[in-house]
Amino acid sequence: MSGGSIAARGLSLAYGGCSVLDGAGLTAFGGEVVGVLGANGAGKSTLLRCLAGVQAADAGQVVLSGARVETLPPRVRAQRLGYLPQRPRAEWALSVTQVAALGRLPHLPWWQGSETARRAPEVISALSACHLEPFANRPVDTLSGGEFARAMLARLLAGRHDVVIADEPVADLDPPHAVDVMRILASEAARGAAVLVALHDLALADRFCDRVIVLAQGRVIAQGRPRAILEAGVLARAYGAPCSVARIDGQLLARFDGGTSAQDGS
Ligand SMILES: Nc1ncnc2c1ncn2[C@@H]1O[C@H](COP(=O)(O)OP(=O)(O)OP(=O)(O)O)[C@@H](O)[C@H]1O
């Protein structure tokens, strides 16, 4: 195992005096999938952006495999840490293979261009893992929402990072593809990566995460093994709604007042 890790300590951030992160901290070690949960606006994406080094916090530290993230040269950081934002965009109509190959560029010397990256075994296996072979030559701006999300995941996987951060990677996916993506993230952890994933699907979090971290109003209100944390009291606090929790045939069912969120995908 590569043994990457990422830790945040005391991250705070405010927009115009309005606190978004309030002393948030977490650690993810190589070999584990850590789910980041919380209501809309709880601060999940902001926390993950700070961890990825694409946004600076007002206070606090991020340590990537033992080094303060801001001290790492951008290329080294890009080699060690892969980040999939919540709503990734493609600015050009590159093919799916070209997009996946972008994930290899930090690992290649400057004189080897995108042609080398496109042929890299990491790119080919990432396309295969994301079931993208039929789309390999398609411009990404012709893909459906879920196909596009998988192409962006392939770019992330092609980087073979020590730390993988994915912000709601299953949001656009049908249930079987959502399960596939969680299995892929679990296999990233199995090869030694520390995986952090923001999720709204509580059943997938319960099934695939080794630990979960629950955010509310920019603070970590609970963390631990899913079976211990995903219970009615914590979820009601996190989502601000009465909640009951059952496990039927091992699958988590979280029912919120006003509707049932029969979490899909198991
Ligand atoms: N640039 C900004 N200016 C002002 N407020 C912002 C800005 N970016 C984020 N926020 C606010 O910060 C809070 C946290 O946003 P964030 O995107 O981190 O939440 P989230 O937990 O990822 O939510 P969701 O589940 O809806 O994706 C929200 O209330 C959001 O409106």
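A cavity here is a set of grid points where a 1.4 Å probe fits but cannot get out. Keep that in mind for the first stop. The model on screen is predicted.

**Stop 1: the cavity**

Select Ala129, Cys130, His131, Arg150, Leu153, His177, Asp180, Val181 and Ile184, the residues that line the largest cavity. Its volume is about 40 Å³. A search of the whole structure turns up 1 cavity of 30 Å³ or more. Now colour helix H7 (175-190) and H6, the elements that give two or more residues to this lining. H7 gives the most, with 4 residues. Sorted by class, the lining of the largest cavity has 5 nonpolar, 2 polar and 2 charged residues.

**Stop 2: H5 against H6**

Keep H6 (residues 145-158) in view and add helix H5 (residues 121-129). The two helices pack at an angle of about 145 degrees, and their axes are 8 Å apart. Their crossing is right-handed. To see the contact, show side chains for Glu122, Val123, Ala126, Leu127 and Ala129 on H5, then Ala154, Leu157 and Ala158 on H6. This contact has 7 nonpolar residues, no polar ones and 1 charged residue. Ala129, shown here as part of the H5 side of the contact, was also in the selection for the cavity lining.

**Stop 3: the largest pocket**

Next, select Ala78, Leu81, Gly82, Tyr83 and Arg155, which lie nearest the centre of the largest pocket. These are among the 18 residues that line it. The pocket has a volume of about 520 Å³. Helix H2 (74-80), strand E6 (81-84) and H6 are the elements that give two or more residues to this lining. Which of the elements gives the most to the lining of the largest pocket? Select E6: it contributes 4 residues, the most of any element. By class, the lining of the largest pocket is made up of 13 nonpolar, 3 polar and 2 charged residues.

**Stop 4: the second largest pocket**

Move the selection to Gln86, Pro88, Ala149, Glu168 and Asp172. They lie nearest the centre of the second largest pocket, which is lined by 18 residues. Its volume is about 220 Å³. H6 comes up again at this stop, giving the most to the lining, with 5 residues. The residues of this lining divide into 11 nonpolar, 2 polar and 5 charged.

**Stop 5: strands E1, E4 and E5**

Leave the helices and switch to a cartoon of the strands. Select strand E1 (residues 5-15) and strand E4 (residues 59-64). They run antiparallel and are joined by 5 bridges. For one pair to look at, pick arginine 9 and its bridge partner in E4, glutamine 61.

Now extend the selection to strand E5 (residues 67-68), which pairs with E4 in the antiparallel sense over 2 bridges. Where does leucine 64 find its opposite residue in E5? Click on alanine 67, which stands opposite leucine 64. E4 and E5 form a hairpin with 2 residues between them. End the tour in that turn at serine 65, where phi is positive, at about 45 degrees.

Technical notes. Residues are numbered from 1 along each chain as its sequence is written. This is a predicted model: local features need pLDDT of at least 70, side-chain atom pairs count only at pLDDT 80 or more; totals for chains, interfaces and linings use all residues. Side-chain values use heavy atoms; hydrogens and water are left out. Axes are lines fitted to C-alpha atoms, for helices over the stretch in contact, and angles run from 0 to 180 degrees between N-to-C directions. A crossing is left-handed if the near helix is turned anticlockwise from the far one by less than a right angle, and right-handed if clockwise. Contact means heavy atoms within 4.5 Å. Ala, Val, Leu, Ile, Met, Phe, Trp, Tyr, Cys and Pro count as nonpolar, Asp, Glu, Lys and Arg as charged, and the others, Gly among them, as polar. Two strands pair if DSSP finds at least two bridges between them. On a 1 Å grid over the protein atoms alone, a cavity is a set of points where a 1.4 Å probe fits but cannot get out, and a pocket is an open set with protein on both sides within 12 Å along at least five of seven lines; lining residues have an atom within 4 Å of a point. Grid points are joined across faces, edges and corners, and a volume is the space filled by probe spheres set on the points.
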